[in-house]
Amino acid sequence: MADPSGFLKHDRKNAPKRPTADRLSDWHEVYADLEPAERDKQVRHQASRCMDCGIPFCHSDSAGCPLGNLIPEWNDLVRAGDWSGASERLHATNNFPEFTGKLCPAPCETACVLSISPSSGGPVAIKRVEEAIADVSWERDLVRPQQAAVASGRRVAVVGSGPAGLAAAQQLTRAGHEVTVYERDDRLGGLLRYGIPEFKMEKKVLDRRLAQLREEGTRFVTGCEVGGSRPGDLSVDTLRASFDAVVLAVGALRGRDPQEVPGRSLGGVHLAMEHLVPANKECEGDGPTSISAAGKHVVIIGGGDTGADCYGTATRQGALSVTQLDQYPRPPGERDDDISPWPVWPWVLRTYPAHEEAGERRFAVAVEEFVGSPSGDVRAVRLREVVVRRDPETGVREVTTVGDEVEELPADLVLLAIGFEGVEHLPLLDGLGLSLTPRGTVSCGPDWRTSSEGVFVCGDAHRGASLVVWAIAEGRSVANAVDAYLTGHSDLPAPVHPTALPLAVV
């Protein structure tokens with residue numbers, strides 16, 4: 001059993017980072033490579049802080065992990081040094097723990113019972129333990145291809161190779177179906193490949209897992225847009241004729257774009273993905289990026305994950321300065337129980353490694369205008385202090401300026417990282433007779449099936465832009481639904497329902 005006093009013996013200790021100067025000189029991951037023996041020792045200490053609570057909120061799908069990761073179980077196995085058992089328990093609920101260990105913001109940790117009071121020393125370092133288990137699994141050859149014992153004779157197409165699509169594909173392949181994943185980009189991975197910077201997850205981690213999927217029998221086709229009109233694309237009619245079921249995992253990549261702000265059309269003002277994608281392609285060896293921050297004053301609008309990704313990318317490209325703007329007030333350093341009581345996701349200041357490297361963040365400000373140079377390029381942004389309120393009757397968010405003071409901030413490159421509006425307007429959807437909801441997503445019934453016969457949806461395309469852990473959970477769940485649709489029954493796990501939502505204060 002767990003050590004009920006483990007959290008009293010060991011303080012929470014996050015993984016050590018490489019020196020800032022080293023991080024800014026390359027694109028490698030920010031965390032230091034410890035010797036395996038030292039890493040295992042530190043991680044076992046962190047795992048021993050888990051008390052195996054009577055009600056483990058950490059793996060609750062509403063407050064903690066939507067995958068239902070068996071966190072107390074593999075924490076205790078790690079504590080005891082049983083890495084093989086821990087690997088089996090972790091992979092039982094998560095196809096790609098190395099992705100979530102590196103990229104998930106860890107709602108499991110904020111739902112940990114040790115998060116109730118700061119006097120506990122902080123929550124169990126669940127994310128660190130998870131990543132270590134994944135690393136050890138690969139190092140000790142514990143990750144093996146799992147081929148299906150019997151072929152079903154049914155064919156499934158998965159459109160999109162992000163985490164939701166890959167999870168669905170792996171589950172369905174292991175169930176015995178013949179699965180083909182179609183990706184319109186030249187490489188696989190979706191946002192994992194071209195949205196996530198190399199310093200957050202090196203792409204060799206993705207390629208290693210893709211090799212496992214291939215060995216299991218999943219087939220991949222890149223550079224092919226389903227419903228597109230380019231040479232090599234696949235028509236909707238051919239899709240329908242060739243497959244017994246279709247899974248849409250096309251993401252929600254339509255970026256929010258404030259066209260109403262004066263100067264938006266100036267050169268040098270870009271959506272975040274227009275910056276991140278070519279930067280990642282450069283890391284893949286495709287040549288220099290088309291949008292570089294080198295020698296420029298960079299302003300990033302938006303305070304979330306994507307903004308932080310742009311931030312770290314710009315500093316590594318050699319920006320003169322980086323300023324990230326957030327229209328909301330600066331969050332508190334610790335959870336305020338009156339605003340976000342445990343175990344809900346707390347409103348607190350989140351500092352990413354990129355923020356520790358260079359630049360600055362500004363809060364409660366908004367851009368009033370992009371100021372141009374005679375050449376038609378942006379040269380500055382004009383800022384106003386603002387306050388954000390929500391109308392108590394309509395729930396509509398209102399941004400109101402405060403005072404008359406206007407500040408002008410130098411800007412040679414402006415990156416818009418203010419969220420996503422939903423699924424792009426794809427010819428595939430038209431060909432399938434599907435329309436988007438007012439939220440910009442594709443709706444489905446309780447069995448993940450859309451209004452188009454035999455067509456299912458999962459991930460950001462269904463939920464809207466969300467966390468990698470939700471994408472994998474939805475991919476696993478839609479695989480259960482597709483398997484049942486094709487065979488009449490499924491033993492595949494289904495961790496979440498299409499209507500599942502994280503616990504929140506409203």
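**Group meeting: two parallel sheets and the helices around them**

Helix α13, residues 272–283, lies across strands β6 and β14 and runs at about 75 degrees to β6. I start there as a way into one of the sheets. Please keep in mind throughout that this is a predicted model.

So, the sheet under that helix. Five strands form an open sheet here, in the order β6-β14-β7-β8-β9, and the pairing is parallel. The edge strands are β6, residues 269–271, and β9, and each of them pairs on one side only. On average, neighbouring strands of this sheet are turned by 20 degrees against each other, with direction ignored.

To see one pairing in detail, take β7, residues 297–301, and β14, residues 413–416. These two strands pair in the parallel sense over four bridges. If you want a single bridge to find on the screen, I300 has L415 in β14 as its partner. A further helix, α14, residues 305–317, also packs on this sheet. Helix α14 touches β7, β8, β9 and β14, and its direction makes about 170 degrees with that of β8.

Now the other sheet. What is the strand order here? The order is β3-β2-β1-β4-β16, five strands in an open sheet, again with parallel pairing. At the edges are β3, residues 219–221, and β16, residues 455–457, each pairing on one side only. The average turn between neighbouring strands of this sheet is 20 degrees, direction ignored.

Inside that sheet, β1, residues 155–159, pairs with β2, residues 178–182, in the parallel sense, and there are five bridges between them. One example is V158, whose bridge partner in β2 is V181. Helix α9 packs on this sheet and touches β1, β2, β3 and β4, the last being residues 245–248. The direction of α9 makes about 165 degrees with that of β2.

Helix α9 deserves some more time, and we can look at two of its helix partners. Take α11 to begin with. Helix α9, residues 163–174, and helix α11, residues 203–216, pack at an angle of about 30 degrees, and their axes are 10 Å apart. The two helices are therefore roughly parallel to each other. The crossing of α9 past α11 is left-handed. From α9, the contact uses L166, Q170, T173 and R174; from α11, it uses L206, L210, Q212, L213 and E216. Sorted by class, that contact has four nonpolar, three polar and two charged residues.

The other partner is α17, residues 468–487. Here the packing angle with α9 is about 35 degrees, and the axes are 7 Å apart. Left-handed or right-handed? Helix α9 passes α17 in a right-handed crossing. On the α9 side, the residues are P163, A164, A167, A168, Q171 and L172. On the α17 side, they include V468, A471, I472 and G475, and also V478, A479 and V482. By class, the contact of α9 with α17 has 11 nonpolar, two polar and two charged residues.

Next, a few backbone points. Most residues other than glycine have a negative phi, and most peptide bonds are trans. Three places in this model are worth checking against that.

The peptide bond from W342 to P343 is cis, with omega near 10 degrees. P343 lies in the loop between β8, residues 321–326, and β9, residues 360–363.

A106 has a phi near 65 degrees, which is positive although the residue is not glycine. This alanine sits in the loop between α6, residues 97–103, and α7, residues 107–110. Is A106 buried or exposed? The relative accessibility of A106 is 5%, so A106 counts as buried.

A364 also has a positive phi, near 55 degrees, and is not glycine either. A364 is in the loop between β9 and β10, the latter being residues 365–372.

Two more single residues, and then I am done. R39 lies in helix α3. Its relative accessible area is 12%, so R39 is buried. Leaving aside residues up to four places away in sequence, R39 touches L34, D135, V136 and E139.

The other one is P56, in the loop between α3, residues 36–47, and α4, residues 71–79. P56 has 22% relative accessibility, so P56 counts as partly exposed. Along the chain, P56 and P72 are 16 residues apart, and their C-alpha atoms are separated by 7.5 Å.

That is the tour.

Conventions: Residues are numbered from 1 along each chain as its sequence is written. This is a predicted model: local features need pLDDT of at least 70, side-chain atom pairs count only at pLDDT 80 or more; totals for chains, interfaces and linings use all residues. Side-chain values use heavy atoms; hydrogens and water are left out. Buried means under 20% relative accessible area, exposed over 50%, partly exposed in between (1.4 Å probe, protein chains only). Axes are lines fitted to C-alpha atoms, for helices over the stretch in contact, and angles run from 0 to 180 degrees between N-to-C directions. Angles under 35 degrees count as roughly parallel, over 145 as roughly antiparallel, 65 to 115 as roughly perpendicular and the rest as oblique. A crossing is left-handed if the near helix is turned anticlockwise from the far one by less than a right angle, and right-handed if clockwise. Contact means heavy atoms within 4.5 Å. Ala, Val, Leu, Ile, Met, Phe, Trp, Tyr, Cys and Pro count as nonpolar, Asp, Glu, Lys and Arg as charged, and the others, Gly among them, as polar. Two strands pair if DSSP finds at least two bridges between them.
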